[in-house]
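User: Hi! I have a new model open and would like to walk through it with you. Mind if I throw some quick questions at you?

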Amino acid sequence: MDLTFSERETAFRDELRAWFAANDPGPEPPHREDAHFAWRRDFQRRLYEGGWAAPHWPVEHGGRGATLTESAIFFEELGRARAPLPANVLGLLLGGPTLMVWGTEQQKDLFLGPILSAEEIWCQGFSEPDAGSDLAALKTRAVRDGDGWVVTGQKVWTSGAQHAKWCMLVARTDAEAAKHKGLTYFLMDMDQPEVQVRPLRQITGESEFNELFVEGARIPDGNVIGGVGNGWKVALTTLMNERAGLAFFLQVRLRRLLDDLIDEAAARGLLEDDVVADRLGALHVKTEILRLTAYRGLTAVEKYGQPGPEGSLTKWMWSEANQELAQLAAELLGSDALVAGSRWGYELLRARGYSIEGGTTEILKNIVAERVLGLPRAR
Ligand SMILES: Cc1cc2nc3c(=O)[nH]c(=O)nc-3n(C[C@H](O)[C@H](O)[C@H](O)COP(=O)(O)OP(=O)(O)OC[C@H]3O[C@@H](n4cnc5c(N)ncnc54)[C@H](O)[C@@H]3O)c2cc1C
């Protein structure tokens, strides 16, 4: 692994930095307001107009054909510029790449463009009340009806569903087949009365995610992705991209938070305290380890053509480091960090969910134990 940028990579980074310098995202609106999503959507449109919405996508689909390292640079710079994650992050990082692997030419023509421009937001309808970590236990049913499917069931924790036009929905199409085999991956149009979205209020006061009640919604055959009965494999492509794609943005976001906390501690004269300095130092080391592990993940993609299980390690370590940092912030800033709506108050509360979303820490530990370390399976 060589961490020095080539001339081409340096030029890519400089062009991007210049673009961010000319396109300040402006101050972040409070999380609990609709203005927050509008801010992210607006910034994605600006990225799109500048040709930067998805540099990692191939040129023929509206990307820049960026290499893996350039894509990492993109996320690092996005974080550095304090720009938001694009509103359609699930479409850009999960849905688009899944379509590129499994979609027909017609599906790619139809869906990829509006993902890039943020015209059509995507959400991920995987989890259900009784199927989270064990996704293959899902019960939502899709029954063939003429040239399409009728879907009935319930999804939960569906982030961004209130803004979404399309849902990546995994449903059971064969009740007789083995658990993982009877599933199909659909793109469901959210604009139909048979799909009800009910926002769930989180501890932070915002509603990022929702319950989704699907009562006889229709999906045409043309919106099956990757073939009937092949849903498990297609869903794995989505999940692999989820853990790998965000690694760089997340580690830069953590770095930014840590730098801000160090500034806060310095302003309060707390850096003279050896214990505080020690804990901040330990977080600095973890942040650097995360950066290097994210780069190591690139090597895995280069070798095997797809993200490896190392992405699980990064996500697990990231969520722990975040919780540790938010806890330290609360200890250092005292009641200032406990004010509702304050930045550190938000970080403290939001950090709890990091070790659940995108795979819980326990599940990630299982993956690392079995597939990275080669330990025997627990069950
Ligand atoms: C902020 C946020 C956003 C989300 N967004 C989405 C979204 O957009 N779309 C979507 O589909 N889902 C989304 N989720 C759901 C998320 O993927 C699930 O919450 C997660 O997969 C865990 O599933 P569960 O909640 O059903 O918990 P369960 O799977 O029921 O787990 C309960 C507990 O048991 C542990 N556990 C379970 N199985 C094992 C095992 N084999 N070994 C050891 N421990 C185990 C878990 O670690 C956990 O602590 C989101 C969640 C959050 C918090």
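User: Leaving aside neighbours within four places in sequence, which residues is A351 in contact with?
Analyst: Happy to help, and bear in mind that this is a predicted model. With neighbours within four places set aside, A351 is in contact with N322, Q323 and A326.

User: And where is A351 found, and is it buried or exposed?
Analyst: A351 has its place in helix α10. Its relative accessible area is 1%, so A351 is buried.

User: What about Q323, where is that one?
Analyst: Q323 is in helix α9. Q323 is buried as well, with a relative accessible area of 16%. Outside its neighbours within four places in sequence, Q323 is in contact with A351, R352 and S355.

User: How far is A351 from M188 in space?
Analyst: The C-alpha atoms of A351 and M188 are 31 Å apart, and the two residues are separated by 163 residues in sequence.

User: Let's zoom out. How many helices and strands does the protein chain have?
Analyst: The protein chain has eleven helices and eight strands.

User: Why would you say the radius of gyration agrees with a compact globule?
Analyst: Because a compact globule of 379 residues would have a radius of gyration near 21 Å, and the protein chain has 21 Å. Along the principal axes, the C-alpha trace spans about 70 × 45 × 45 Å.

User: And what share of the residues is buried?
Analyst: Of the 379 residues, 50% count as buried. The chain exposes about 17,900 Å², with carbon and sulfur atoms supplying 52% of that area.

User: What share of the contacts join residues at least 24 apart?
Analyst: Taking contacts between residues at least 6 apart in sequence, 71% join residues at least 24 apart.

User: Charges next. How far apart are the mean positions of the positive and negative ones?
Analyst: They are 4 Å apart, for 42 positive and 54 negative charges in the protein chain.

User: Switching to rings: how many aromatic pairs does a search of the whole structure find?
Analyst: It finds eleven aromatic pairs. One of them is W19 with F43, an edge-to-face pair with 6.0 Å from centre to centre and 65 degrees between the planes. That pair links distant parts of the chain, since W19 is in helix α1 (residues 7–22) and F43 is in helix α2 (residues 34–49), 24 residues apart.

User: Are those two rings buried or exposed?
Analyst: W19 is buried at a relative accessible area of 14%, and F43 is buried at 2% relative accessibility.

User: How are the rings of W318 and Y354 arranged?
Analyst: Their centres are 4.5 Å apart and their planes are at 55 degrees, so the pair counts as tilted. W318 is in helix α9 (residues 310–333) and Y354 is in helix α10 (residues 343–354), so the pair ties together parts 36 residues apart in sequence. W318 is buried at 6% relative accessibility, and Y354 is buried at 8%.

User: Which residues do ring pairs link into a cluster?
Analyst: W19, F20 and F43 are linked into a cluster by ring pairs.

User: What else is in helix α1?
Analyst: E15 is found there, for example. E15 is partly exposed, with a relative accessible area of 43%. Leaving out neighbours within four places in sequence, E15 is in contact with W52 and R64.

User: Now the loops. Where is S127 found, and what does it touch?
Analyst: S127 is in the loop between β1 (122–125) and β2 (141–145). Not counting residues up to four places away in sequence, S127 touches L135, K155, V156 and W157. S127 counts as partly exposed, at 23% relative accessibility.

User: W157 caught my eye. What is its phi?
Analyst: Phi of W157 is near 65 degrees, a positive value in a residue other than glycine. W157 is in the loop between β3 (148–156) and β4 (166–172), and W157 counts as partly exposed at 49% relative accessibility.

User: And what is the phi of R82?
Analyst: R82 has a positive phi of about 55 degrees although it is not a glycine. R82 has its place in the loop between α3 (68–80) and α4 (89–102). At 41% relative accessibility, R82 is partly exposed.

Notes. Residues are numbered from 1 along each chain as its sequence is written. This is a predicted model: local features need pLDDT of at least 70, side-chain atom pairs count only at pLDDT 80 or more; totals for chains, interfaces and linings use all residues. Side-chain values use heavy atoms; hydrogens and water are left out. Helices (H or I, at least four residues) and strands (E, at least two) are DSSP runs, numbered from the N terminus. The radius of gyration is taken over C-alpha atoms; the globule rule is 2.2 Å times the number of residues to the power 0.38. Buried means under 20% relative accessible area, exposed over 50%, partly exposed in between (1.4 Å probe, protein chains only). Contact means heavy atoms within 4.5 Å. Accessible areas come from the Shrake-Rupley method with a 1.4 Å probe; for residues, only the protein chains shown count as cover. Lys and Arg count as positive and Asp and Glu as negative; His and the chain ends are not counted. The place of a charge is taken as NZ of Lys, CZ of Arg, CG of Asp or CD of Glu. Rings of Phe, Tyr and Trp (its six-membered ring) pair if their centres lie within 6.5 Å; planes under 30 degrees apart count as stacked, over 60 as edge-to-face and the rest as tilted.
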